[in-house]
Amino acid sequence: MSARLPLVLRRLGRLQPPGPPRRLRELCRASSGGGGGCGGGEGLLGQRRLRDTQAGSSRGPGSRAPPARDSIVREVIQNSKEVLSLLQGKNPAFKPVLAIIQAGDDNLMQEVNQNLAEEAGLNITHICLPADSGEDEIIDEILKINEDTRVHGLALQISETSFSDKILNALKPEKDVDGVTDVNLGKLVRGDAHECFVSPVARAVIELLEKSGVNLDGKKVLVIGAHGSLEATLQCLFQRRGSMTMSSQWKTPQLQSKLHEADIVILGSPKPEEIPLSWIQPGTTVLNCSHDFLSGKLGCSSPSVHGTGPIAEDLSLLAAALRIQNMVSSRRRWFREQQYRRWRLHCLKLQPLSPVPSDIEISRAQTPKAVDILAKEIGLLADEIEIYGKSKAKVRLSLLERLKDQADGKYVLVAGITPTPLGEGKSTVTIGLVQALTAHLNINSFACLRQPSQGPTFGVKGGAAGGGYAQVIPMEEFNLHLTGDIHAITAANNLLAAAIDTRILHENTQTDKALYNRLVASVNGVRAFSKIQLARLKGLPWWHSG
C-alpha cells in the first residue's frame, strides 16, 4: 500500500498525547468562532482521552480497548483495491468514476475522498456548489450526473437542512452509493441488502462495534436525533443482528429513562446543551454519526460523553472508505450482469382461435409489452435505447462497445428461391423460429427484419413482418410509420429527384445565355459572377480541366 493512506490517517485523528488529537484541533479551528479553547473534555474526538483521564486505573485487565479504526479503514480500502484489480484484469480500460456534489467548502473531506479513491484505484470528481445553493440547483447537477454514462456513483455532501425527499429521490438508485433513495431503502428492509446500497455511515457504526468485539445480540440500542434514511438504516441493521432498537428525539419526555436503559447510544444529531451528560450511564457505548460531526463542522462546544465502552474516534474516514467499497461492489454487480445469462423474459400468452382471424385482428387482440420493460428484461441499459412511443425504440451503437468482450452468438439466415405473388413466408418463418427458441426453449434470440415498404397500405402484398400468430405487432405502426425514418428517406429522395428533373428540364429547353441571365443578376447594367459564385464554380471538377 502506498504512503497516501497512512498520511490521510495521520491527518484525520490519530491521537497525539499529550494534547488533543490533531483532527480535534482542526475541527476546533473550523468552528464558527475560531477562538475558544478546546478544554480537555470537549468534542467527541477527545472522549477517549477524557475517559482515560477520568477512569484512570479503573479499567481492568479484561476491558476492551477502543477499536483500531485505522486498521479497519486499511482493510476496507485494500479489499476494495483487490476486487477492483480483478475486475480491471477482465476489462483494463474500465475505471469507475465517483462523483460528489458538494455545497460549501469542506477541503478536508474533499482531500479524504480524493486520496481514498486514488488508493483504491477509482477516479473521483467533485462538483462544488456555493453553500447557499437551492434545491433546484442541486437537483440540476444530480440530473446531469444521472445521465452521464462515465459516472458510476454519486454522493451528496450538502448541509443537513438541504436534504429533502425531492433531492434524495432525484438520484438514480443504481448510482446512489450512500443508500438514501427509497428504492435502496426498500430493498434493504425487504432483505435484499446484497442487491442495494447501504448507508456507509450506518455500516461504519456496525463495523466499529463488531470489530471492537461488541456482541450486538440482545443489546438495547438507542438512536437519538437521527432522521430519514440514516435512522431507518440503523434500525434495520441493528434489528438484523438481534438488537432491541429504540428511536428518540432530543425533546422526548422519556429520554432520560431511555438513556439509562440503553447499552449503546447512537447520536444522529448534536446534543443540546440542556441535556445533562449524567443521563448517560457509565459504561455505555456511544457513537456519534451526526451530520455536522461527520462533515467536520462540529465545533468545540459539543459536550463530551463519559463511559468505559468503545467510542468512535472519527466515523467520517471509515464512512468514506465504505462508500468507496459500495462503488466497487456496484461495479462488481455490473460486471456480473454483463456476463451472458438467460433473459428474464415474461412472454406474452397466445390464445389461438379457429378459424384463424385476419392478421390485423390478431395484432389488435394482443396488448404489446412496453418497450422499456422489454429492454430491462433483455439487459439493455436506460441510456442505450431511444424510445418512440410505448412499443418502439432504437438501440444505440454504444451497446456494441459495452458487449464487445462477449462471445458471438449464432447467425441464422432464412432464405427462399421460389417467389410467389404473395411471398414465400420467409418473415413468418423467421418470427416463428424466434418465438420457439425464446419462449419455448429459453434460448436468447431475436429477429432482424427490414422495415416494410408500405405494401399492405396499397393492398399489393404483405409487410414482410410475419403473419398470423407469428408477426410483429402493433401491425399498423410497424407497416406505416415505425420510427418515421422511412418518411425522412422519402422526403430526401423526392427532393433529390425534383432537383435532377428541374436541371434536366432547364438544360434541355433553354440556351446558355438564358440560363446565365437567370443565374447572374444585373448590377448597374453589368452581369458578373459574384465572389461566392466563383468560389463554388472553382470547386467543380470541370473548372480545372482546361
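## Exercises on a predicted model

Buried residues make up 40% of the 546 residues in the chain. The model is predicted, and its chain has 21 helices and 13 strands.

**Exercise 1.** Determine whether N184 is buried or exposed, and state what its side chain approaches.

*Solution.* Step 1: locate the residue. N184 belongs to helix α8, which spans residues 182–190. Step 2: apply the cut-off. A residue is buried when its relative accessible area is under 20%. The relative accessibility of N184 is 3%, so N184 is buried. Step 3: list its neighbours. Leaving aside residues up to four places away in sequence, N184 touches P173, D176, G179, C196 and F197. Step 4: examine the side chain. One of its polar atoms lies 3.3 Å from the backbone nitrogen of F197.

**Exercise 2.** Compare the span of helix α10 with the expected value, and state which of its residues are buried and what covers them.

*Solution.* Step 1: take the length. Helix α10 covers residues 228–240, which is 13 residues. Step 2: compare the spans. From first C-alpha to last the helix reaches 19 Å, close to the 18 Å expected at 1.5 Å a residue. Step 3: identify the buried residues. These are S229, L230, T233, L234, C236, L237 and F238. Step 4: recall the helical repeat. An α-helix has 3.6 residues a turn, so residues three or four places apart point the same way. Step 5: find the cover. The elements over the buried residues of α10 include α8, α9, β4, β5 and β6. Step 6: look beyond the helix. G242 follows α10 and has a positive phi, near 85°.

**Exercise 3.** For N442 and N524, give the sign of phi and classify the exposure of each residue.

*Solution.* Step 1: read the angles. Phi of N442 is positive, about 60°, although N442 is not a glycine. Phi of N524 is also positive, near 55°. Step 2: place the residues. N442 sits in the loop between α17 and β10, whereas N524 sits in the loop between β12 and β13. Step 3: classify them. Exposed means over 50% relative accessible area, and partly exposed lies between that value and the buried limit. N442, at 42%, is therefore partly exposed; N524, at 79%, is exposed.

**Exercise 4.** Identify the proline that follows S354 in a cis peptide bond, and the one that follows I473.

*Solution.* Step 1: the bond from S354 leads to P355, with omega about 0°. P355 lies in the loop between α13 and α14. Step 2: the bond from I473 leads to P474, with omega near -5°. P474 lies in the loop between β11 and α18.

Terms used
Residues are numbered from 1 along each chain as its sequence is written. This is a predicted model: local features need pLDDT of at least 70, side-chain atom pairs count only at pLDDT 80 or more; totals for chains, interfaces and linings use all residues. Side-chain values use heavy atoms; hydrogens and water are left out. Helices (H or I, at least four residues) and strands (E, at least two) are DSSP runs, numbered from the N terminus. Buried means under 20% relative accessible area, exposed over 50%, partly exposed in between (1.4 Å probe, protein chains only). A polar contact is a pair of N or O atoms within 3.5 Å; within protein, one must be able to donate a hydrogen and the other to accept it, and residues adjacent in sequence count only if both atoms are side-chain atoms. Contact means heavy atoms within 4.5 Å. The expected span of a helix is 1.5 Å times one less than its number of residues.
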